[in-house]
Amino acid sequence: MIAQQPAERRALIGEYVLGLLDDEQAAEVRALIEQDEEAARMALDWERHLLELTDQLPAQAPSAQLWPRIQASLGIARTPDHSAWGQWWNNLLTWRLTSAALAMALVAALAPGLWQGETATGYTVVLQPPGETAQPGWVVHIAGDGALRLEPLMQDEIPADRSVQFWTLVDPAIGPRSLGLIEPGKPTVISAEQIGEVQPGQLFELTLEPAGGSPSSRPTGKVLYIGRAVVASVN
Amino acid sequence: MADTTFDYETTLEACARRDERAFQALYNQEAGQMLGLAITLLGRRDQAEDCVHDAFVLIWRNAARFQRTLGSGRAWIHSILRYRALNQLRSRGRTVELDDDFIERAADDSLQAADLLEQQSEQRQLRRCLQGIERNRRHPILLAFYRGLTHDQIAARLATPLGTIKGRIRAGLRALQECLHP
């Protein structure tokens with residue numbers, strides 16, 4: 001039976017919103033919410049207050065595959081436009097810059113301020129095993145529009161019960177931010193919204209995490225590859 | 001964080017008219033925060049992404065059922081996420097066995113300098129009210145919110161009789177609603 005008294009009813013609906021009720025009670029309250037506008041208002045009111053608790057948690061960047069997957073499930077997928085990337089890849093200058101970036105990465109790490117005066121239209125990051133300088137494993141390109149493409153340069157062997165997670169670090173005081181899981185050996189595109197504005201010298205890394213990714217908002221496993229963003233003018 | 005300039009209600013109404021751009025704007029706006037909560041509830045990033053996927057599929061399909069006269073659009077979106085996350089938790093029959101210490105910190109309302117301005121606003125109303133109730137009533141409510149635990153699971157985790165837990169949660173919610181709606 002659902003309480004008639006408003007305060008009891010509001011508390012019961014709060015328990016429903018939190019997911020505390022058993023199946024039978026939950027079904028009763030759900031039916032009430034569907035029929036009774038006042039009950040529906042109470043449920044949304046609890047939900048609105050509880051958003052304060054949601055907002056105490058750091059937001060987590062979804063993997064690049066999530067949005068296309070939602071589009072595909074709903075049959076609203078549009079073909080992504082890779083033409084800008086195609087041009088970029090075919091641009092010989094870019095290739096030269098990529099290899100030059102290997103050397104520049106170290107310079108940028110030591111003097112990130114050096115690049116701030118540049119008119120930044122894009123960035124390159126060469127990801128290498130920590131402590132190595134001539135073993136690039138992945139390369140990151142950030143186009144002028146802010147979209148990021150992560151390209152494998154070698155095939156990694158990752159244990160079946162592990163995942164590889166991509167991170168960036170803008171401000172050490174805030175800590176690394178997850179850019180989602182990546183599949184070893186497969187290129188990944190991440191939207192400008194997910195990346196945010198990139199700073200010269202910004203750190204990117206790939207870490208080995210438990211299957212499904214780090215259980216917290218921080219990397220928990222070994223750093224596989226790491227590198228810093230250097231300006232690459234692609235005009 | 002909540003973006004007070006984003007118009008969730010109008011965006012949902014556009015989704016109801018099958019406006020794909022509005023849907024993508026909603027995703028860009030809210031998916032990160034939804035994923036943050038889903039990871040906390042489910043403990044695994046891949047399952048949390050599945051949950052956010054399912055929630056957005058439901059949001060698009062049911063957008064026409066949203067009515068702004070019933071309440072906040074952002075609350076409506078999160079009610080769908082929570083519903084999906086709880087279903088996933090129940091169907092796998094196992095909860096997250098992680099350190100729960102953070103939940104009291106998340107609810108902590110103690111004033112930081114930057115928070116002073118915010119103090120009067122609605123933004124921290126719930127946390128202020130939560131701090132006003134006894135820990136033994138507050139803590140089970142936070143376990144339900146952040147870990148998606150049922151009455152039984154909370155009783156087991158806190159090694160407290162079920163009846164006592166139910167009574168404390170009910171009393172805690174009654175106190176909260178009096179504080180939120182005096």
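Begin by colouring chain B by pLDDT: in this predicted model, confidence within chain B is highest in helix α1(B), at a mean of 96, and lowest in helix α5 (residues 101-106) of chain B, at 68. Taken over the whole of chain B, the mean pLDDT is 86, with 81% of the residues reaching 70 or more.

Next, select residues 111-120 of chain B, where pLDDT stays under 50 and for which the model has five contacts beyond four places in sequence. Where pLDDT is low, the predicted coordinates should not be read in detail.

Now return to α1(B), residues 8-16, and add helix α2(B), residues 20-42, which packs against α1(B) at an angle of about 140 degrees, the two axes lying 7 Å apart. Since angles over 145 degrees would count as roughly antiparallel, α1(B) and α2(B) are therefore oblique to each other, and their crossing is left-handed. To see the contact itself, show B:Thr11, B:Ala14 and B:Cys15 on α1(B), together with B:Ala22, B:Phe23, B:Ala25 and B:Leu26 on α2(B); by class, these are six nonpolar residues and one polar residue, with no charged ones.

Finally, bring chain A into view and select the contact between the chains, to which chain B gives 53 residues and chain A gives 43. On the chain B side, the helices that each supply at least two residues include α3 (45-62), α4 (73-92) and α9 (162-180), while the largest share, eleven residues, comes from α2(B). Coloured by class, the side of chain B that touches chain A divides into 24 nonpolar, 18 polar and eleven charged residues. For the model as a whole, the scores are ipTM 0.89 and pTM 0.62.

Methods. Residues are numbered from 1 along each chain as its sequence is written. Chains are lettered from A and ligands numbered from 1 in the order in which they are written. This is a predicted model: local features need pLDDT of at least 70, side-chain atom pairs count only at pLDDT 80 or more; totals for chains, interfaces and linings use all residues. Axes are lines fitted to C-alpha atoms, for helices over the stretch in contact, and angles run from 0 to 180 degrees between N-to-C directions. Helices (H or I, at least four residues) and strands (E, at least two) are DSSP runs, numbered from the N terminus. Angles under 35 degrees count as roughly parallel, over 145 as roughly antiparallel, 65 to 115 as roughly perpendicular and the rest as oblique. A crossing is left-handed if the near helix is turned anticlockwise from the far one by less than a right angle, and right-handed if clockwise. Two residues are in contact if their C-beta atoms, placed from the backbone, lie within 7 Å. Ala, Val, Leu, Ile, Met, Phe, Trp, Tyr, Cys and Pro count as nonpolar, Asp, Glu, Lys and Arg as charged, and the others, Gly among them, as polar. pLDDT is the predictor's confidence in each residue, from 0 to 100.
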